[in-house]
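Me: Pick one part of this protein and give me a close look at it, side chain by side chain. I'd like one connected answer, with enough of the surroundings to keep my bearings.

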Amino acid sequence: MVIDNEVKIPNTTTSKPLSRQGAPSGFSINALMNPAKEKTAEVKETVSTTTENLPKSHFTETDLQMEWNLLLKQLQSKNTFVFNAIKAFKLIKKDENAIQVLYPSDSAKIEFDKISGEFFNHFKTKVHNYSIEIEYKRDFENLKIEVVTKKKIFEKFIEKNPLLKDLDDLMKFDLT
């Protein structure tokens with residue numbers, strides 16, 4: 001006797017896949033294999049500003065010095081290191097649209113470069129002149145900070161009034 005144990009399973013189809021589709025990744029093998037099918041790359045626009053259409057108002061030496069002194073006061077309280085580095089700088093208005101910056105040393109100029117962009121942008125907007133050119137010049141002679149002692153002060157007074165020399169000889173002032 002032979003028993004036939006066949007079970008018939010009906011053929012059924014599904015309308016949706018049984019597994020979930022994953023999110024597409026940023027890396028595509030197809031795009032790597034077929035570079036011609038890549039999406040077009042975004043075009044970067046470069047914006048160049050010309051100073052022709054921007055205002056070129058007049059500013060004075062006084063305007064420049066007031067803003068410079070204001071910057072120094074702010075730096076004195078906020079960032080004393082930068083203040084000490086740039087306090088000997090001199091800013092001079094050369095032409096209608098030119099400022100000359102006299103600096104004592106290269107290390108001081110490096111510290112000034114950290115804040116110069118912000119300062120000059122603020123100054124340009126304040127005076128409504130966007131075509132200002134900045135010229136840097138190293139000045140050894142006039143920007144040396146000299147330590148003035150009591151003896152040097154007294155010697156300057158002697159130059160103005162020679163009788164002080166006689167008084168010093170008589171009284172033997174201690175000017176150390």
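**A ring pair and its surroundings**

Reply: Let's get oriented before zooming in. The protein chain has 6 helices and 3 strands, and keep in mind that this is a predicted model. Going along the sequence, the order is α-α-α-β-β-α-β-α-α. Of the 176 residues in the chain, 23% are buried. The accessible surface comes to about 15100 Å², with carbon and sulfur atoms supplying 54% of it. As for how the chain meets itself, take the contacts with a separation of 6 or more: 63% of them are between residues 24 or more positions apart.

Now for the part I'd pick: the rings. There are 10 aromatic pairs in the count. The one to look at is F112 with Y136, whose ring centres are 6.2 Å apart. Their planes meet at 70 degrees, and an edge-to-face pair needs over 60, so that's what this one is. The pair ties together distant parts of the chain: F112 belongs to helix α4 (residues 106-127) and Y136 to strand β3 (residues 133-138), with 24 residues of separation. How exposed or buried are the two partners? F112 has a relative accessible area of 0% and is buried, while Y136, at 31%, is partly exposed.

These two rings have company. F112 and Y136 belong to one aromatic cluster, along with F59, W68, F89, Y103, F119, F120 and F123.

Charged side chains come into the picture too. Start with Y136: the charged end of K109 sits over its ring, 4.2 Å from the centre. K109 is buried, with a relative accessible area of 18%. It also has an acidic partner, since K109 and D113 form a salt bridge, with their closest N and O atoms 3.3 Å apart. Why do these two count as about one helical turn apart? D113 and K109 are 4 residues apart in helix α4, so about one turn of the helix separates them. D113 is partly exposed, at 37% relative accessibility. Put together, K109 has its charged end over the Y136 ring and a salt bridge to D113.

Another member of the cluster, F59, has a lysine over its ring as well. Here it's K93, lying over the face of F59 at 4.5 Å from the ring centre. K93 counts as buried, with 18% relative accessibility. It forms a salt bridge with E96, where the closest N and O atoms are 3.9 Å apart. The cut-off for a salt bridge is 4 Å, so the K93 and E96 pair still makes the count. E96 is partly exposed, at 37% relative accessibility.

The full tally of salt bridges is 5. Another of them is back in helix α4, where the side chains of E111 and K114 meet at 3.3 Å, N to O. E111 and K114 are 3 residues apart in that helix, about one turn. What about their exposure? E111 is buried, at 12% relative accessible area, whereas K114 is exposed, at 60%. Leaving aside residues up to four places away in sequence, E111 touches F81, V82 and A85.

A quick look at the strands around this region. Strand β1 (residues 90-95) and strand β2 (residues 98-103) run antiparallel and are joined by 5 bridges. They make a hairpin with 2 residues between the strands. One of the bridge partnerships is D95 with A98 in β2.

Finally, follow the chain from α4 towards β3, between the elements that carry F112 and Y136. The loop between α4 and β3 holds H128. H128 has a positive phi of about 55 degrees, although it is not a glycine. It counts as partly exposed, at 45% relative accessibility. A positive phi also turns up at K172, again near 55 degrees and again in a residue other than glycine. K172 is found in the segment after α6 (163-171), and it is exposed, at 63% relative accessibility.

Terms used: Residues are numbered from 1 along each chain as its sequence is written. This is a predicted model: local features need pLDDT of at least 70, side-chain atom pairs count only at pLDDT 80 or more; totals for chains, interfaces and linings use all residues. Side-chain values use heavy atoms; hydrogens and water are left out. Rings of Phe, Tyr and Trp (its six-membered ring) pair if their centres lie within 6.5 Å; planes under 30 degrees apart count as stacked, over 60 as edge-to-face and the rest as tilted. Buried means under 20% relative accessible area, exposed over 50%, partly exposed in between (1.4 Å probe, protein chains only). A charge sits over a ring if NZ of Lys or CZ of Arg is within 6 Å of the ring centre and within 35 degrees of the ring normal. Contact means heavy atoms within 4.5 Å. Accessible areas come from the Shrake-Rupley method with a 1.4 Å probe; for residues, only the protein chains shown count as cover. Two strands pair if DSSP finds at least two bridges between them.
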